[in-house]
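Q: Could you take a close look at one part of this model for me? I'd like to go through the sheet piece by piece.

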Amino acid sequence: MPLAHLPLDDPGRPDLSSPLGLLRWLSRAQRRGQALATCWGVLEMGCQAALPLALGLGIQAAVDGDTAGIWRAGGLAVLLAVLQATGTVLLHRQAVWNWITCAAQVRQLVARQASRLGAGLSRRIATGEVVAVSSGDVEKIGWYVELMARVRAAALVWLAVSLVVLVREPLLGTAVLLGVPVLAAAVWPLLGPFERRYSEQRALGGKATELAADTVAGLRVLRGIGGEELFLERYRTASQKVRRAAVRAARTWSLMQAQQVLLPGLFVVGVTWYGAHLAATGALGIGELVAVYGATAFLAAPLRILGEAAHAWSVARVSAGRAARVLALSRTAPGSDFPESIVRPERGDLHDPVTGLTARAGRLTAVVCGDPDVAGALAARLGGHVPLGEDERPQPSVRLGGVPLDGVPLADARAAVLVHDKEPVLLSGTLAELLDVPGAGRVDTAEALAAARAEDVLDALVDGSPECGGDPMAARITERGRSLSGGQRQRLALARSLVADPPVLVMDEPTSAVDAHTESRIAAGLRKVRDGRTTVVFATSPLLLDQADAVVLVQDGRVAATGTHRALLADDARYRAVVTREEDAAGPAPAGPAATRPAPDAGTPAPNQTVKEAACGSPEA
């Protein structure tokens, strides 16, 4: 069997109408593998079912004193054993191939969906849910799809055995033909309770995974405030809920397994008793009795496969439903299909019809929101990633130069607008690899690092990577940049966005983790590097706001005021309350340089000012 490269070039468009639709689509996607597995399954189980026939012929020949018949029966048994061994090897190989291919295909679809939705995925589905789908759920789905070929093979062999026995002994054949479906259907009453308990277990497991991921991501902060034990206790509670749900599901499954052993055993005993009765009356020979018993005992194998299929169906339907829920999410509003030939958006004003926000082309626009969550959601909307509201109702698309971003191919939308997230992720590798991103070539690496004021970050990377030989570009960055501080990670991510140099750059609090002195220098460097490019910065820092060509205040989901930072600080009490954190901001504030950094109360640091600076004076003084 030739090996196929994974992931697949194009997994295609799955059927997401229902969990069963997704499972059927996955089965159809590997028709050849399913057909081969069915053939090898028929070969294996057919030879296994025929072995008692060879044994019965040999016993009957021995009873009759037929030496040639004994040799013929022995040769047939050897041939069947060799064919059965060959079928077992080929079936196992093909079954594993089907399983791995199906699991890889689902993982590829989930990864493609995560790439398509970007930051919008975690806002609409919990991170733990996505992790559970891409880990445990894909294994259950692959198991079910692989098992369907063995179920078809078992059904074909069962029909063949039933017909053979039916021809020789009608009553026994009828019992075999009807008994297997009845025994297989006996497990179905337990499937409903098992599926409900398993669904509960998977839902609780997803929540526990999400809690664990959040705890690990914020471990440094938790240690700083002494909150490890609190979150550890929360995780203990969540994991115990998962354990209890798993025990409840296992109890039901154990009943199903006991049923699969008890009922087929009673069936075989009954058929064997009746066959022995026929042999005692002379209606059956001893060899025929052995063959009938062996064929009937073989039926335990198809019944075992059918029981396994019932279990696989229960867990796979739950897993496929979760996977379909993730894959069904769309970055576009329903009914907003636009032709692929639409003009690619590159220049023009960036306008959001929901809030009324307009960022003029080629200018630096700062947006002030009182709620950080609102700012993050609006930043994602400006990138065309989350056009649906929290209630999943369609909203008007953000437009760039009059072109709706959710109506163009995803690659074009992302090439036009880059969203710099509040908590950007740094992938492991060298600094050169981190900054090797597609860009216009207008901003080189050195210029971007200088604008992000990352000089101390380069020194820290060199110190932490002796193997780089003093070259910071060859220094290695650990997973998610965990060896760096929050401010250092933030500046490297900012440099990466500046190297990309998109026509429109949207940044959400790009300097929230740096001190005021560094922030002032970054603000100046950012304005210089992005000169002539459309830039939108979500911030409340006066140091950044003072560099903007225009400042927009968004409150209650709409644009409330527009102007320069100093003008708004002097004339708009709502703006002043957000920027200066003053509870009573009714009176006008003085204009001038002092307005860019309001004086705090005695002993209280201003926004983005460290305690040390508040006590000793700003480094700029």
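What is the strand order in the open sheet of four strands, and is the pairing parallel or antiparallel?

A: Sure. Keep in mind that this is a predicted model, where local features need pLDDT of at least 70, side-chain atom pairs count only at pLDDT 80 or more, and totals for chains, interfaces and linings use all residues. Numbering starts from 1 along each chain as its sequence is written, and side-chain values use heavy atoms, with hydrogens and water left out.

The order is β2-β1-β4-β5, and the pairing is antiparallel. Strands here are DSSP E runs of at least two residues, helices are H or I runs of at least four, and both are numbered from the N terminus. Two strands pair if DSSP finds at least two bridges between them.

At the edges sit β2 (357-359) and β5 (403-404), each pairing on one side only. Further in, β1 (residues 350-352) runs antiparallel to β4 (residues 399-400), and two bridges link them. In that pair, H351 faces R399 of β4.

Now for the helix against the sheet: α12 (residues 372-382) packs there and touches both β1 and β2, with contact meaning heavy atoms within 4.5 Å. The direction of α12 makes about 125 degrees with that of β1. For such angles, axes are lines fitted to C-alpha atoms, for helices over the stretch in contact, and the angle runs from 0 to 180 degrees between N-to-C directions.
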